Amino acid sequence: MSAPRTDHLWRPYTQMKTAPPPLRAARTHGSRIVLEDGRELVDGIASWWTACHGYNHPHIRAAVAAQLDTMPHVMFGGLTHAPAEALARRLAGLLPGDLDHVFFSDSGSVAVEVALKAAAQVWLNRGVAGRSRFAAFRGGYHGDTMGAMSVCDPEEGMHRRFGRYLPEQIFFDLPDSRAREAALDEGLARHRGSLAAVIVEPLVQGAGGMRLHAPEVLASVARLARRHGLLLILDEVFTGFGRTGTLFACEQAGVVPDLICLSKALTGGTLPLAATVAGAEVFAAFWSDDPAAALMHGPTFMANPLACAAAEASLDLFAREPRLAQARAIGERLAEGLAPLRGRPGVVDVRVLGAIGAVQLAPPLDLPGLKRAFLERGVWVRPFGDIVYLTPALTIPEDDLARLLAAMREVLG
């Protein structure tokens, strides 16, 4: 029996049979989304954490328009172009350590896939067989494609139904205590012969529930990966580009990974683009006279010139405007504005780091009711699981931020 068909769109993360119709967006400006019916919503989540400079920034718009006049796209197989070369050079200069080799793709999930593939192939290129599994952490989230799903939380995550189809990885608790650090140490020692790398989200497990951990925890993960001769992959798809108060979250722990995954705010929320950036040791494993040693991956729209131009313009804004200071100031306002919710009935925890504020609620939750309540107050806030969170644009005006915080207190308090 065919499914009823009311339109031609298949919505993300949505049971379309029972969900209410989505809101129709007409335009954006600053930190606001304007609906077709004329309502204007303050965006509390920067379109899934991407619009770090707010919407329609004139500098990014001008850069994309100029690139559109000359070359909107060209295949990257056998060709190169100035926008990709300039952006790769700039990212290498901004990233810590020897993260100098940039592989472009078009989404965070694919950036993770490329990192996993590259890490596994490092061992093959070195002539070491059997090291194809990954150590990952409970509570983590790394994307929706098959490889990325396999390193997401296997029990509580959104992909648990796919367990039987996915590669079997090895999971640990983040080493936020001596006992958990010892367990990670022992586990990596026991499985090192089958492991290619350790993958972790630095400082914040984002879509897994906005769970925070201290820089010392990340430093411990890095130290144990090195102790056992494993590559370290950092997934900074969410945390990169100022969200935690530094340009990259790993800076706060003094950690330089072997591979880092970037996307989300890379283009300032303008166009799809992602990057997997490797250090010298990883890249050396692919530098060979043997064609079979090449990294066999190549997205069709890899290094799209329009997206590269947008990313260059976004990095211009980080260079000349006080984005990191703005992120830290937002963090102070979030901490102050959400503090009254601590200890309220139904509130389990309030967490703030950089320009991230999350309120964890006790079940049962009426998620549709929460969403309606936020809309009634003119704000775009999307609870998931047991979390209601704010990740606004780093340029959000004070009155818009105050409106978001007031809505959080009214709806949750």
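Trainee: Which residue of β2 stands opposite His-29?
Mentor: This is a predicted model, in which local features need pLDDT of at least 70, side-chain atom pairs count only at pLDDT 80 or more, and totals for chains, interfaces and linings use all residues. Residues are numbered from 1 along each chain as its sequence is written, and side-chain values use heavy atoms, leaving out hydrogens and water. Strands (E, at least two residues) and helices (H or I, at least four) are DSSP runs numbered from the N terminus, and two strands pair if DSSP finds at least two bridges between them. β1 (residues 25–29) and β2 pair in the antiparallel sense over four bridges, and the residue opposite His-29 is Arg-32.

Trainee: Which residue takes a positive phi in the hairpin of β2 and β3?
Mentor: β2 and β3 (residues 40–43) pair in the antiparallel sense over three bridges, with Ile-33 opposite Leu-41. Their hairpin has four residues between the strands, and the one with a positive phi, near 95°, is Gly-38.

Trainee: Are the residues of β2 that point either way buried or exposed?
Mentor: Buried means under 20% relative accessible area, exposed over 50%, and partly exposed in between, with a 1.4 Å probe and protein chains only. Arg-32 and Val-34 point one way from β2 (residues 32–35), Ile-33 and Leu-35 the other way, and all are buried.

Trainee: Why is one side of β13 and of β16 left without a neighbour in the sheet?
Mentor: Three strands form an open, antiparallel sheet in the order β13-β14-β16. β13 (347–353) and β16 (387–390) each have one side free because each has a single partner strand, standing at the edges.

Trainee: What angle does the direction of α12 make with that of β16?
Mentor: β14 (residues 356–361) and β16 run antiparallel, joined by four bridges, and Gln-360 stands opposite Ile-387. Helix α12 (residues 398–412) packs on the sheet, touching β13, β14 and β16, where contact means heavy atoms within 4.5 Å. Axes are lines fitted to C-alpha atoms, for helices over the stretch in contact, and angles run from 0 to 180 degrees between N-to-C directions. For α12 and β16 the angle is about 165°.

Trainee: How wide is the arc that the buried residues of α12 cover around the axis?
Mentor: The buried residues of α12 include Leu-401, Leu-404, Leu-405, Met-408 and Leu-412. The arc is that of the directions from the helix axis to the C-beta atoms. The buried residues lie on the same side of α12, because the arc they cover is only 155°.
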